[in-house]
Amino acid sequence: MELNYAQYPFTSNLGWSISRYDLFSKCRRAYYYQYYSKYSVDVPESRIKRLAAMTSVPLEVGNVAHEVLEAFLRRLQKSTSDIDESRFFSYAKSRTLELFEKKTFMETYYKRSSIDMDFVNKKIDTILHNFLSSPLYSWIWMKAVTNRDNWMIEPGGYGETRLDGMKAYCKMDFLFPVD
């Protein structure tokens with residue numbers, strides 16, 4: 001199945017996305033460096049890149065859970081055998097460690113707090129346990145899996161659209177036909 005996004009001509013005005021809104025809500029300085037200061041000659045490019053790449057613990061908890069669930073769905077496309085929950089949670093823990101080692105966190109950059117990896121792992125375990133015990137998980141196994149060859153998981157493209165003439169972005173995670 002081929003997904004086609006509408007194409008819009010370039011405009012210089014910034015668009016809206018939930019990630020822009022979240023970044024602005026969490027740290028206006030990081031928002032500035034991400035979207036505006038890259039055009040400033042007064043700020044060193046290395047500082048701009050470092051602050052633009054900054055993240056937060058809650059954001060990365062969500063990113064890890066998202067990535068683990070994406071891997072689960074891709075695995076389910078290949079095999080409908082029962083998942084090995086201990087391997088599933090071990091994979092989540094190892095991905096958490098890998099991803100957290102590479103990031104600059106607002107909490108540590110601004111010396112607000114250190115990162116408690118036990119807390120992080122418990123949060124991710126809770127998210128994944130909630131998914132595995134959810135009606136959605138059961139429904140995917142019973143209904144959606146029958147058409148797994150037509151699933152689209154993390155399709156490319158940014159999903160730019162227009163709402164009342166203003167740019168908006170929404171990236172799809174998972175699309176699947178039923179019946």
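Student: Is lysine 111 buried or exposed?

Tutor: Burial is judged by relative accessible area: under 20% is buried, over 50% exposed and anything in between partly exposed, with a 1.4 Å probe and protein chains only. Lysine 111 has a relative accessible area of 74%, so this residue is exposed. The model is a predicted one, in which local features need pLDDT of at least 70 and side-chain atom pairs count only at pLDDT 80 or more, whereas totals for chains, interfaces and linings use all residues. Residues are numbered from 1 along each chain as its sequence is written, and side-chain values use heavy atoms, with hydrogens and water left out.

Student: Where is lysine 111 found, and what is its phi?

Tutor: Most residues other than glycine have a negative phi. Lysine 111, although not a glycine, has a positive phi of about 55°. The residue is found in the loop between helix 6 and helix 7; helices (H or I, at least four residues) and strands (E, at least two) are DSSP runs numbered from the N terminus.

Student: What pattern does the chain follow along the sequence, and where is confidence lowest and highest?

Tutor: The chain has 8 helices and 4 strands, in the order α-α-α-α-α-α-α-α-β-β-β-β. Confidence is given by pLDDT, which runs from 0 to 100 for each residue. The chain averages 83, and 89% of the residues score at least 70. The lowest mean, 73, belongs to strand 2 (residues 160-163), and the highest, 96, to helix 7.

Student: How does the span of helix 7 agree with its number of residues?

Tutor: The expected span is 1.5 Å times one less than the number of residues. For the 16 residues of helix 7 (residues 117-132) that gives 22 Å, and the end C-alpha atoms are 22 Å apart, which agrees. At the N-terminal end, aspartate 116 acts as a cap, with a side-chain oxygen 3.1 Å from the backbone nitrogen of aspartate 118.

Student: Which residues of helix 7 are buried, and which are exposed on the other side?

Tutor: An α-helix has 3.6 residues a turn, so residues three or four places apart point the same way. In helix 7 the buried residues are Val120, Asn121, Ile124, Leu128, Phe131 and Leu132. They cover an arc of only 105° around the axis (taken from the directions from the axis to the C-beta atoms), which puts them on the same side of helix 7. Asp118 and Lys122 are exposed on the other side. The cover over the buried residues includes helix 4 (57-78), helix 5 (85-101) and helix 8 (135-142). Asparagine 121, buried at a relative accessible area of 15%, touches Lys93 and Thr96, not counting residues up to four places away in sequence; contact means heavy atoms within 4.5 Å.

Student: How many aromatic pairs does a search of the whole structure find?

Tutor: Rings of Phe, Tyr and Trp (its six-membered ring) pair if their centres lie within 6.5 Å; planes under 30 degrees apart are stacked, over 60 edge-to-face and the rest tilted. The search finds 9 pairs. In one of them, the rings of phenylalanine 72 and phenylalanine 88 have centres 6.2 Å apart and planes at 75°, so the pair is edge-to-face. Phenylalanine 72 lies in helix 4 and phenylalanine 88 in helix 5, so the pair ties together parts 16 residues apart in sequence. Both are buried, and they form one aromatic cluster with Phe89, Phe131, Tyr137 and Trp141.

Technical notes:
Polar contact = N/O pair within 3.5 Å; in protein donor to acceptor, adjacent residues only side chain to side chain. pLDDT = per-residue confidence, 0-100.
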